[in-house]
Amino acid sequence: MTARRASIPACAVAALVACSPTWKRPPHDERFQRAAAPALHPRPIGESLPTDWWDRMTSSTVQPLGNTLSPARYVAAAAGGREALDVNRLGEVPDSTWFANRIGRRVMTPKEIARGPGDWIEPAPGPLTVVSGKLEGATPGLVLRDTAGRVYFVKFDPPAFRELSTGAEIVAQRLLHAAGYHVPEMQVTELALERIVLHPGARQRNSYRQMVSMSQRDLDGLLSNLNPGPTRRLRALLSRETRGRSLGPFSYRGVRIDDPNDRIPHERRRSLRGLWVFSAWFNNSDVRRQNTLDTFIEVDRRRRLGYVRHHLIDFGNSLGASGERDKYVGEGYEGEFDWAAMGRRIFGFGLRYDDWLGLRRTPYPSVAIFESEMFEPERWRPSYPNPAFDEATARDTFWAAAILARMDRAAVEAAVAGARYSDPRAARLITDVLMARRAKLLRHAFAGFLPLVDPDVRGYRVDMTDLEVKTGTSREAPRYRFAVRWNRSGRGDRELERGDRATPSIDLAGALRRIQEREPGAFADDPFLTLTWRRLRGGEPGPRVDLHLRVVGDHLVPVALWRERD
Amino acid sequence: MALAALALVATPAPALAAPPPGVVGGQAPSTPPEAEPETPSGPPQAGATPAPPAPPLPRAPVPPGPERTSGPLPADRAADIVTPMWREPTVPIDLQWHILALPEYAVELAFTPLGFVVGLVENYRIDRRIIDFLRNDAGTIEVVPLFKFSGGDGFGAGASLELDNLLGHEEEIEIGGLMQLNRDHELEAGYEQSIAGLDGRTLEASITYELNSDLDYFGIGNESRRRDQRVVEQRGLDALAAIEIFERGSRDSYGLVEVGYRRTGLGPGNELSGEPAGEPDDPVAPPPDFGRTTNYGRVGLVLRHDSRDTLARTQRGLLAELSARLTSALDRSELNALSMRGEVTAYLPVLPLYRTLVGRVGVQGVLPPTTDGQIPLDEYVLLGRKNGLRGYADYRFRDRVGWWASLEYRYPIYRFEDSPFVLSPAIFADAGRVGATISDLWKKTVHWDVGVGIAGELETSLIMRFEVGRSDEGFETGFSLGKEL
């Protein structure tokens, strides 16, 4: 830098910095970050499990009614929605107590995906002692303790649909874990009936929800109703207790007021908004607060301080399963109390038939109703409205779809393999349907965007990946138009280079060298470049992606990314 | 700040020192700071130094940082250029947003008390406890709550004790009562049993007492006006015995012979409910049996053909009923009536899946079997909200002959998952008239109405039905739980 440049008045420089966009201020965000370590606090008092009926009533009627009467909803819709707050400048969600980037950050092997989270430990040999009947959820179950003292929650399939519920839970759990959500450890196994013994103090809830002793007769009744075969073995889904002490569910709206780390309203979390993409993918229609879990992780045992971690649980409504039975034909196509659909039908006078009425079960009881032909992402509905899903913007959907795009057929097959379907045709069908639904979701999510992701910057070379090309959802041979400009604060930008390319890759060394030769030390004051990509569709440029880079010595560092929506 | 900004822009990118061992991502792992001593609580004392601010909460250990996807960091990068630590943004207060969302909060607040009730019911399964309390394990004894609501009569509640096969003869015994807010009440006891010796034919016996202090009465005739409305008090005691004509197993046909006794007293109605009938100089003549208590004997015949596919969500079939009844005063021979009634309801599926057209047509005539006879009030042909004309008030038109017809289109809008519960709205049109002679039936003045309704049904029973009818006399609404409307 010359002495002349060094003589720029300090106030002008200060004005430049003050006027510059916030993404220019260091330190810049790395692409994958982690949230600050959570502040330790005492364990929140009490569980806040709302009753199931009231949760259904508020989700289906009270909140939608309030939403309909609220001007906020319409203002938000007109403004394109409120953007999520748990996002860094490169559009990624940081690792936190809510989410941990996995397949989005690195390649996961099929073996990893099939294994699922944690280090699964099979129950120790010997008897499995029943300590209680399963307290919550729609499927019959038990809580077992093995001879090593480990506790397992056990769920079974409905007798008429073997492998339906247990398989669905495993597939969804594996995929959500790979995506980055915190889920419990679970595995499918076969239990010999002879191993299951009743603890004298075992308890269960009776029909009045009172805790009463569980008798041998109760246990025998539960097991015989599951219709074990002549082998006297039952397929069961075993899951481990999630780490920490249970605090009950979290809401998809608002914050947990007794958690000082929970500051971002949940409906403004991209990780929760984007969950709709995965839920629609494997048709997990029951995405309510009842199927979430907060746990308290105690870090400082002496002072009993810790923090809250947030999990998703209970995926028994995925694929073709719906708890104790197979899915009703309309699940995923409309809500359980879908007032809008009812209103349309009232004024339709019965002349219109929903297309999903024509759906039929697959030939496999372990699959039931799970299809891709009629599936349309924009029409998918959970059984009950989800406040976070309702606030999802197109960018939230894109983020989730970018993760989904990394789950190729091998990854899906690995997740399905974890479910251990006895009929390979059923497993193949599930995989095929998941891949077809995935393709539709990707097309829906990428519409209006240029899906360039994964900025890989080495030296002055910038490579990006076009997800439509990578996933094969693009039908035409792509052509990209780029422009590089020197992004200057307080002064006009200066274009350095532009052109067309067959791939979204470019080496900016030449452009930077030319400007450095003309203006030595050019980037000392304002070291930012903006690389703009557009894809040509029918000769016309589409929406753009702006990747902001900082010149640091002999290389570039990506500092921000903006994605335009058409 | 200016000097700092100057330092930032004027200094060339400094060479990055190699990160110290054990540091990942350019930041040392932090450890929870030692907690500072707790500050004393309460207001500061005069002259005392102000209490120090509360110490920040300790932090959890930082886990290892994320792996890099774009190759190792060059050694000359400044540690403060990029950071793996995400800086959580300050959450905006968004006051304007919350102001716009006030209606939403108000709705949720309004429903909060309901949440307590629902939570209480579910947590303690009060619903199941009540059901179990009201019936025995064998299902032979059951107490059924009864509710009634109508615009004219108001709200009523009661209960019915149902004994099913308690004595082991396949009998059904029912004893119940209902009282309304205006103290009108009904009491009923019934017995029903199929007699094996009669090839399974059912024998029924019932006794009913009813007090209705505000029975609407508009006079006799098709041309009666709305403002002719009067109220009559009716006390009635009915005892009835009936036996089936056809043996058990007759698929679609049903017949009943009945013999009964009725004691009726008519008098001026409750003046709080309207203008009592029978006032001096009232242009609306009271019914013939007004102002006295009369004992009647009855004998009747009912024939029914029912080929509907289901009882509630009928898609196709026919329900036809023909009945005749002779009523005669036991103490005054001029009060008697021979009534004949026929009604046919046809169900036609116009489109698949419960899009059904229901057509109904009926005719009834009553005449005194003796030349000097007079017809008791209860025996007149009656058209009104519960009888064929849903857009008119109850008991609106009475005369000796009448016809009625209706056309209704029903279609489903909601089904709860795979359950049999369905919500089905309907649009309907009714027409009818009464007259003094048969030739009056073809006269031009026909009363008609249109309306809409909605029903909640299972396959074999109607759970609830709500209807709104509109006629030239205004709107009428009807709501019922169960079959009666």
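## Strands that pair in chain B

Two strands pair if DSSP finds at least two bridges between them. The structure described here is a predicted model. In chain B, strand β19 (residues 462–471) pairs with strand β20 (residues 474–481). The two run in the antiparallel sense, and 8 bridges join them. S471(B) stands opposite G474(B), which lies in β20(B). V468(B) has T477(B), also in β20(B), as its bridge partner. A hairpin of 2 residues carries the chain from β19(B) to β20(B).

β19(B) has another partner, strand β18 (residues 447–457) of chain B. This pairing is antiparallel too, with 9 bridges. Here I454(B) is matched with F466(B) of β19(B). The hairpin between β18(B) and β19(B) takes 4 residues.

## An open sheet in chain A

Which strands make up the open sheet of chain A, and in what order? There are 4 of them, and they follow the order β2-β12-β11-β10 with antiparallel pairing. The edges are β2 (41–42) and β10 (245–246) of chain A, and each of these pairs on one side only.

Now look at β11 (residues 292–300) and β12 (residues 305–312) of chain A. They run antiparallel, joined by 8 bridges. One bridge partner to find is Y307(A) in β12(A), which matches I297(A). As a rule, side chains in a regular strand alternate between the two faces of the sheet.

## A helix checked by its length

Helix α14 of chain A covers residues 424–446. Why does a span of 33 Å fit this helix? It has 23 residues, and at 1.5 Å a residue they should span 33 Å. The expected span is 1.5 Å times one less than the number of residues. The end C-alpha atoms are 33 Å apart, so the model agrees with the expected value.

Both ends are worth a look. At the N-terminal end, D423(A) acts as a cap for α14(A). One of its side-chain oxygens lies 2.9 Å from the backbone nitrogen of R425(A). Just after the helix comes G448(A), with a positive phi of about 85°.

## Where the two chains meet

How many residues of each chain are in contact with the other? Chain B gives 76 residues and chain A gives 83. The size of an interface is often given as the accessible area lost when the parts come together. Between chain B and chain A, the buried area is about 7600 Å². Carbon and sulfur atoms give 63% of that area.

Charged and polar groups also meet here. There are 7 salt bridges between chain B and chain A. In one salt bridge, the side chains of R82(A) and D94(B) come together, at 3.4 Å from N to O. The count of residue pairs in polar contact, both at pLDDT 80 or more, is 30. On the chain B side, several elements give two or more residues, among them α1 (2–10), α3 (102–123) and β17 (422–435). α3(B) gives the most, with 12 residues. The residues on this side of chain B divide into 47 nonpolar, 8 polar and 21 charged.

## Strands paired across the chains

Strand pairing also links the two chains. Strand β1 (residues 28–35) of chain A pairs with β1(B). Is this pairing parallel or antiparallel? The sense is parallel, over 4 bridges. Within it, D29(A) has T83(B) of β1(B) as its bridge partner. β1 (82–86) of chain B is also one of the elements that give two or more residues to the side touching chain A.

Key. Residues numbered from 1 in each chain as written. Chains lettered and ligands numbered in written order. Predicted model: local features only at pLDDT ≥ 70, side-chain atom pairs only at ≥ 80, totals over all residues. Heavy atoms only, no water. Contact = heavy atoms within 4.5 Å. Buried area = accessible area lost by both parts, 1.4 Å probe. Salt bridge = Lys/Arg side-chain N within 4 Å of Asp/Glu carboxyl O. Polar contact = N/O pair within 3.5 Å; in protein donor to acceptor, adjacent residues only side chain to side chain. Nonpolar A, V, L, I, M, F, W, Y, C, P; charged D, E, K, R; others polar.
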